[in-house]
Amino acid sequence: MAYIPEERKEERLGGVQADREWLVEYIIELQDENAIRMVTILRGAQMADVQGRLYDVLRAQYASETRLDVTVVRMEPVDMRTDVALFEIGGTYQP
């Protein structure tokens, strides 16, 4: 069964754009530590909403840090419609 966000009735708000899931990949650079590469899923209607949520998450997680450098590598909406043929060849999973 495929999950298609556009077809969820509770997310239709009479013309108002509903939140969707976004894949966010970013690198965190802390003082005196190695860089940390992270991938997370955040919800938001637009990219600006997702950026704000990422900022809130980072502030909560690294509240004690005096300086935090973050480089966003990728931020794109998640498309849940997948092509099954990309994952199976002759009934066997192929990475």
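**Exercise 1. Place Glu76 in the chain and classify its exposure.**

Solution. Glu76 is found in strand S3, residues 68-77. Strands are DSSP runs of E with at least two residues, helices runs of H or I with at least four, and both are numbered from the N terminus. The model is predicted: local features need pLDDT of at least 70, side-chain atom pairs count only at pLDDT 80 or more, and totals for chains, interfaces and linings use all residues. Residues are numbered from 1 along each chain as its sequence is written, and side-chain values use heavy atoms, with hydrogens and water left out.

Buried means under 20% relative accessible area, exposed over 50%, and partly exposed in between (1.4 Å probe, protein chains only). Glu76 has 35% relative accessibility, so Glu76 counts as partly exposed.

**Exercise 2. Find what Glu76 touches beyond four places in sequence.**

Solution. A contact means heavy atoms within 4.5 Å. With neighbours within four places left aside, Glu76 is in contact with Trp22 and Leu23. The C-alpha atoms of Glu76 and Glu21 are separated by 8.7 Å, and these residues lie 55 apart along the chain.

**Exercise 3. Do the same for Glu25, and add its side-chain partner.**

Solution. Glu25 belongs to strand S1, residues 20-30. Its relative accessibility is 11%, so Glu25 counts as buried. Beyond four places in sequence, the contacts of Glu25 include Arg37, Met38 and Val72. The side chains of Glu25 and Arg37 are joined by a polar contact of 2.8 Å (a pair of N or O atoms within 3.5 Å; within protein, one must be able to donate a hydrogen and the other to accept it, and residues adjacent in sequence count only if both atoms are side-chain atoms).
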